[in-house]
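Visitor: I should like to take a close look at a single part of this protein, namely its nonpolar interior. Please guide me through it step by step.

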Amino acid sequence: MENTTIDQLFKEKRPTLKYLAAQFTSDPDEREDLVQETMVRSLSSIEKFIKHPKLMSWLYIIMKNTYINQYTRNKRLENYRNEYISTGYVNEITRNRGENNFVASDIQHALNNLPKDYYNAFALFLEGFKYYEIAEHLQIPEGTVKTRIHMARKSLQKQLKTYSKSIY
């Protein structure tokens with residue numbers, strides 16, 4: 001497919017996509033990001049739908065799923081932050097930046113020691129991507145992604161066991 005055809009198609013559909021994005025968010029910047037992300041995600045299969053009568057339905061589904069994934073990621077991050085704040089660790093960290101630097105250094109060292117395949121999958125997982133999204137991005141089976149993330153976690157637990165809380 002020629003780039004000019006795709007470019008023309010996106011120029012034609014952009015106003016409609018912006019209108020559809022308004023159903024998900026009122027923030028103009030978020031709407032623009034959502035439209036942009038929809039276009040990027042659609043590029044992988046656009047040849048199949050370029051002349052299809054349900055092109056807009058397909059783009060809408062991509063937009064909806066993108067919004068849901070972003071919303072879920074943001075909620076998860078917000079929950080982590082709230083949980084972190086509620087545990088009271090915030091005050092301890094602000095009082096002892098030296099210890100915080102050592103911990104951060106140890107974590108970075110442990111991450112650097114991971115095999116590249118494990119690190120790539122684990123980094124995407126930490127960013128909030130789902131297993132199937134990581135599999136698509138890395139072009140590997142979803143089961144392999146799960147295994148690599150599991151092995152990365154085990155390796156990090158082993159390397160950072162001095163920081164684990166005692167159960168007793």
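Visitor: Before we turn to the interior, what is the accessible surface of the protein, and what percentage of it belongs to carbon and sulfur atoms? After that, please describe the largest nonpolar core closely.

Guide: The model shown here is predicted. The accessible surface of the protein comes to about 12,200 Å², and carbon and sulfur atoms hold 52% of that area. Of the 168 residues, 24% count as buried. The setting for the interior is helical: the protein has nine helices and zero strands.

Let us now turn to the part you asked about. The largest nonpolar core has 17 residues. Within this core, the members that touch the most others are Leu17, Val35, Ile46, Leu55, Trp58 and Met63. Three helices, α1 (3–21), α2 (28–42) and α4 (55–86), each supply at least two residues of the core. Of the helices, α1 gives the most, with six residues.

Leu17 deserves a closer view. Leaving aside residues up to four places away in sequence, Leu17 touches Val35, Met39, Met56, Leu59 and Met63. Apart from the largest core lies another one, of 14 residues; among them are Leu111, Leu114, Ala135 and Leu156.

A final value concerns the protein as a whole. Among contacts with a separation of 6 or more, 62% join residues that are 24 or more positions apart.

How values were computed:
Residues are numbered from 1 along each chain as its sequence is written. This is a predicted model: local features need pLDDT of at least 70, side-chain atom pairs count only at pLDDT 80 or more; totals for chains, interfaces and linings use all residues. Side-chain values use heavy atoms; hydrogens and water are left out. A nonpolar core is a set of buried Ala, Val, Leu, Ile, Met, Phe, Trp, Tyr and Cys residues joined through side-chain atoms within 4.5 Å. Buried means under 20% relative accessible area, exposed over 50%, partly exposed in between (1.4 Å probe, protein chains only). Helices (H or I, at least four residues) and strands (E, at least two) are DSSP runs, numbered from the N terminus. Contact means heavy atoms within 4.5 Å. Accessible areas come from the Shrake-Rupley method with a 1.4 Å probe; for residues, only the protein chains shown count as cover.
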